Amino acid sequence: MNETICALATAPGGALGIIRISGAQALEILSHIFSKNLTNAQANTIHYGHIKDSKDIVDEVVVSIFRAPHSYTGEDCAEVSCHGSRYILNKVLELLIQHGCRMALPGEYTQRAYLNGKMDLSQAEAVADLIASTNKATHDMAMSQLRGHFSSLLTQLREQLLKLTSLLELELDFSDHEDLEFADRTELSTIANKINKHITQLAHSFEMGNALKQGIPVAIVGKTNVGKSTLLNRLLKDDRAIVSDVHGTTRDTIEDTIDIKGITFRFIDTAGIRQTTDQVEQIGIERTFQAIQKARIVLWLIDQQPSMKEINELSKQTGNKKLITVINKTDKTDNKCYNLLSQPIVAISAKFGTGIDELEQAIYDAADIPTLSDSDFIVTNARHYDALTRSHDCIQRVIDGLQIQLSGDLLSENLRQALDTLAEITGGLRGKIGCNSLIIR
């Protein structure tokens, strides 16, 4: 924390590149290689000049100045905007290191921001999620967490828990007065149930949040030669899967992703379901059933009336998953009335693209994406989910303990454990997160 660090803040290969410097000596070190003395430069100012090496000019640059504590890291910072040449960027970094900087470790700027109180741990993790966001949904979730919506909600829950704990522990200070009760048990039970409901909702949102982050899995299943690979290629707008009239061409699952209305869907093309003696194809069919179990949405592709046995078998495999029946090859067959049990039903021609827009809408609707307000939050981090689950267990023990009139000291201990687990999420004082876990990779 006492060292001044530097690193390239932009991806190499562009027309411009930005080098960030942070630390107590940032402006002094930069002044050694800049054409102006910046040690007394005012905060939030921009300076034009040259980076120089002895008598040679390396590049014409613009330097932005940020003063502690009003910077990303909370320290004195400077950002040097150079031309994007690899030689120039490496030369500037080399000169900074020669005059006292060291290269920043991965995520060290965000680590310093956390340690200097500019953000909590969940916000620091949101920086990595924001950088890795690939669609509007993941971007919005990361921005919500970065702006502190999740932290604010956890703070409210912890304040309520702390109030309950304080009242119970106050009773312990007057334990010689057995009839003295500071915390009304009925009110305590009501508040504990309310807190537990919030924590449970957050924990349950992880399944959807993780799916949105990784891509909602959609399995394309059906008999051989119904057009599953053709449909995948049509959705991806690319020849991703081999298309052939030969039965059993697809023998393994093929995966790829597309965005539909800002949501990433991960499509899985599977081997055609049929009776076969081919051992390799049989393995592929087994993986088809595995893909169905992992999927949130199943596209059942058909090109003729399925038998009741096929309908019942698929219903057994899909269980309560969202099932969309897709009638393919409408360019070849007449508009027949199919006797099907599943809804919705979408008619398409994967070969010519007919009905694909309607299918994408049906897939989006089946995902059942929640509409979020500023007060809502979806958990996407497995560490957060683990802490919420453990906190739920602690609160549930408090609720159960109140029903059997458990002593105040045991209730208080469970509340304290709940406080600790919630604090782990934001890296608060009662958390147990070490500095090594703050490196964002």
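This is a short tour of a predicted model, going from the whole chain to single residues.

**Whole chain.** Start with everything shown. The chain has 13 helices and 12 strands. Of its 441 residues, 46% count as buried. Among contacts between residues at least 6 apart in sequence, 62% join residues at least 24 apart. The accessible surface of the chain is about 22,900 Å², and carbon and sulfur atoms account for 50% of that surface.

**Residues 356-367.** Select this stretch, which is helix α11. From the first C-alpha to the last, its 12 residues reach 17 Å, close to the 16 Å expected at 1.5 Å a residue. Now colour the buried residues of α11: Ile356, Leu359, Glu360, Ala362, Ile363, Ala366 and Ala367. Turn the view to look down the helix axis. The buried residues of α11 fall within an arc of 160°, so they line one face of the helix. Move on to Asp368, just after α11, where phi is positive at about 55°.

**Val326.** Keep Leu359 of α11 in view and add Val326, which touches Leu359. Val326 belongs to strand β11, residues 322-327. Is Val326 buried or exposed? Its relative accessible area is 0%, so Val326 is buried. Leaving aside residues up to four places away in sequence, Val326 also touches Leu299, Trp300, Leu301, Ile302, Val346 and Ile348. Draw a C-alpha to C-alpha distance from Val326 to Leu299: they are 6.5 Å apart in space and 27 residues apart in sequence.

**Helices α4 and α13.** Select residues 121-132 for α4 and residues 408-426 for α13. The two helices pack at an angle of about 40°, and their axes are 5 Å apart. They are therefore oblique to each other. Show side chains at the contact: Leu121, Ser122 and Glu125 come from α4, and Glu424, Ile425 and Thr426 come from α13.

**Gln405.** Step back along the chain to the loop between α12 (382-403) and α13, where Gln405 is found. Gln405 is not a glycine, yet its phi is positive, about 60°. With a relative accessible area of 74%, Gln405 is exposed.

**Lys261.** Next, select the loop between β8 (254-260) and β9 (263-269), which holds Lys261. Lys261 has a positive phi of about 55° although it is not a glycine. Lys261 counts as exposed, at 54% relative accessibility.

**Ala68 and Pro69.** The last stop is the loop between β4 (56-66) and β5 (77-83), the place of Pro69. Which kind of peptide bond joins Ala68 and Pro69? The bond is cis, with omega about 0°.

Notes. Residues numbered from 1 in each chain as written. Predicted model: local features only at pLDDT ≥ 70, side-chain atom pairs only at ≥ 80, totals over all residues. Heavy atoms only, no water. Helix = DSSP H or I, 4+ residues; strand = E, 2+ residues; numbered from the N terminus. Buried < 20%, exposed > 50% of the residue type's maximum accessible area, 1.4 Å probe, protein only. Contact = heavy atoms within 4.5 Å. Areas by Shrake-Rupley, 256 points an atom, 1.4 Å probe, with all protein chains shown as cover. Expected span 1.5 Å × (residues − 1). Arc of directions from axis to C-beta. Axes fitted to C-alpha atoms, helices over the stretch in contact; angles between N-to-C directions. Parallel < 35°, antiparallel > 145°, perpendicular 65-115°, else oblique.
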